[in-house]
Amino acid sequence: MKAPEGFHVNANPYKEAMVKDSGRNPSSSVLSPQEVHKARTTARLAVFEAGSYIREKFQSQGLQVESKGAFDYVTEVDRFCEELILKRLRSSFPDHTLMSEEGAVENHSPSHVWIVDPLDGTTNFIHGFPMIAISIALAVRGTVVMGWVFDPLRRELFEAHRGVGAWCNDRPLPPIPQKPLHEALLATGFPFRSKKFLDPYLQVFKELFAEVTGIRRAGSAALDLAYVAAGRVQGFWEIGLKPWDMAAGALLIQETNGLVTDFWGKSAYLESGHIVAGSSLVHRFLLEKVGPLREALAAGS
Ligand code: IPD
Ligand code: CA
Ligand code: CA
């Protein structure tokens, strides 16, 4: 599926592919133990397979790169990994809907939706900059219940299961510590696809930068979110992401006692793509500070 350009909420396939069940308690019980086991086995196999292909191709010569839009690229490796992952998911879960960045939505049961980013950080990959990930999430009746973010170069697998916990390479991730703001390291993504948001973005950046210990722009939103969950950074914000960038990473943060919302403090970040995440302290601070971006979005500028 072609990634839609810009920030048109209505063009977001997440909305079309999902059936909302907001009244339902998002607990692990939406999947049977057998389903959990099968989902884990399949997703782990898929990320490991795709990850070994990415490692093989990392810094290789003569990579085929296509442009999908302004400053937005896809390589033969993104496409090959996507096919590997979707093949695995299709064969284990033929009735589930599959939604992946580079392919079409494969519509089956709307109650079970897999959300896949086969290579998060394509620009990094093209440049041989070693911050890339594979992200897979499973949503049941509109709620993400399981998620995997795999860093193939460091061989780090972050896993989350709603209501059960989060792990990094099978070790449980503890609750995110509440570092004070002046000790907080933040992560972000630049609004490179829609540079009309650059001015308000820089205003927000400047205000935050004055109060925290540092800000990183590593180039993989899935890893940025996983790093919040792992306590390596204390907060993250970005405008205009897609569901496949965030679905798994956001669950990791929720399962480590962090908060994830849109710029209005609501839970609609998968639909809008505008995300603020972190420990409760840093999340509150970020939410206060993204005001200029909120205003620019409201004005449609
Ligand atoms: C991108 C990365 C990047 C973020 C972009 C995403 P892609 O994903 O997550 O950090 O800033 O908005 O699109 O295109 O490399 O899969
Ligand atoms: Ca991505
Ligand atoms: Ca991608």
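Domain bounds here come from an automatic or database domain assignment.

**Entry 1: the two domains**

I started with the overall layout of this predicted model. The assignment splits the protein chain into domain 1 (13-170) and domain 2 (181-299). I looked up how far apart they sit, and their C-alpha centres are separated by 21 Å. Their contact involves 34 residues of domain 1 and 25 residues of domain 2. On the domain 1 side, I found that α1 (13-17), β4, α4, β5, β6 (143-151), β7 (156-161) and β8 (165-168) each give at least two residues. I sorted that side of domain 1 by class and got 19 nonpolar, 8 polar and 7 charged residues.

**Entry 2: around ligand 1**

Next I asked which residues surround ligand 1. I noted D117, D120, G121, T122, T123, G189, G219, S220, A221, E238, L241 and D245. Two elements, β4 (109-120) and α4 (122-127), each contribute two or more residues to this shell. By class I have 2 nonpolar, 6 polar and 4 charged residues. Both domain 1 (13-170) and domain 2 (181-299) supply at least three residues to the shell.

**Entry 3: a closer look at D117**

I picked D117 from the ligand shell and placed it in strand β4. Is D117 buried or exposed? I call D117 buried because it has 31 C-beta neighbours inside 10 Å, and 20 or more is the cut-off for that label. Setting aside residues up to four places away in sequence, D117 touches E101, I134, S135, A222, W244 and D245. Of these contacts, D245 also belongs to the shell around ligand 1. For a sense of scale, I checked D117 against V204: they are 87 residues apart in sequence, and 28 Å lies between their C-alpha atoms.

**Entry 4: the nonpolar core**

The largest nonpolar core has 87 residues, and I wanted to know which of them touch the most other members. They turned out to be I136, L225 and L252. This core takes at least three residues from each of domain 1 (13-170) and domain 2 (181-299). I followed L252 further: beyond its neighbours within four places in sequence, L252 contacts G147, V149, F158, A160, A166, L225, A226 and A229. So L225, another of the three core residues I had just listed, is also a contact of L252. A general reminder to myself: in soluble globular proteins, nonpolar side chains tend to be buried together.

**Entry 5: two helices**

Helix α3 (residues 76-92) came next, with 17 residues. From first C-alpha to last, α3 reaches 25 Å, close to the expected 24 Å. Its buried residues are V77, D78, C81, E82, L84, I85, L86, R88 and L89. Among the elements covering them, I found α2 (33-57), β2 (72-75), β3 (96-100), β4, α4 and β5 (133-140).

In helix α9 (residues 280-289), I noted V282, H283, F285, L286 and L287 as buried. These buried residues of α9 pack against β12 (235-238), β13 (259-261) and β14 (275-278).

**Entry 6: two positive phi angles**

Last, I looked at two residues other than glycine with positive phi. Q59 has a phi near 65° and sits in the loop between α2 and β1 (65-69). Q59 counts as exposed because it has 11 C-beta neighbours inside 10 Å. D170 has a phi near 70° and lies in the loop between β8 and β9 (171-172). D170 is exposed too, because 7 other C-beta atoms lie within 10 Å.

Key: Residues numbered from 1 in each chain as written. Chains lettered and ligands numbered in written order. Predicted model: local features only at pLDDT ≥ 70, side-chain atom pairs only at ≥ 80, totals over all residues. Near = placed C-beta within 6 Å. Helix = DSSP H or I, 4+ residues; strand = E, 2+ residues; numbered from the N terminus. Nonpolar A, V, L, I, M, F, W, Y, C, P; charged D, E, K, R; others polar. Expected span 1.5 Å × (residues − 1). Buried ≥ 20, exposed ≤ 12 C-beta atoms within 10 Å, placed from the backbone. Contact = placed C-beta atoms within 7 Å. Core = buried A, V, L, I, M, F, W, Y, C linked by C-beta atoms within 7 Å.
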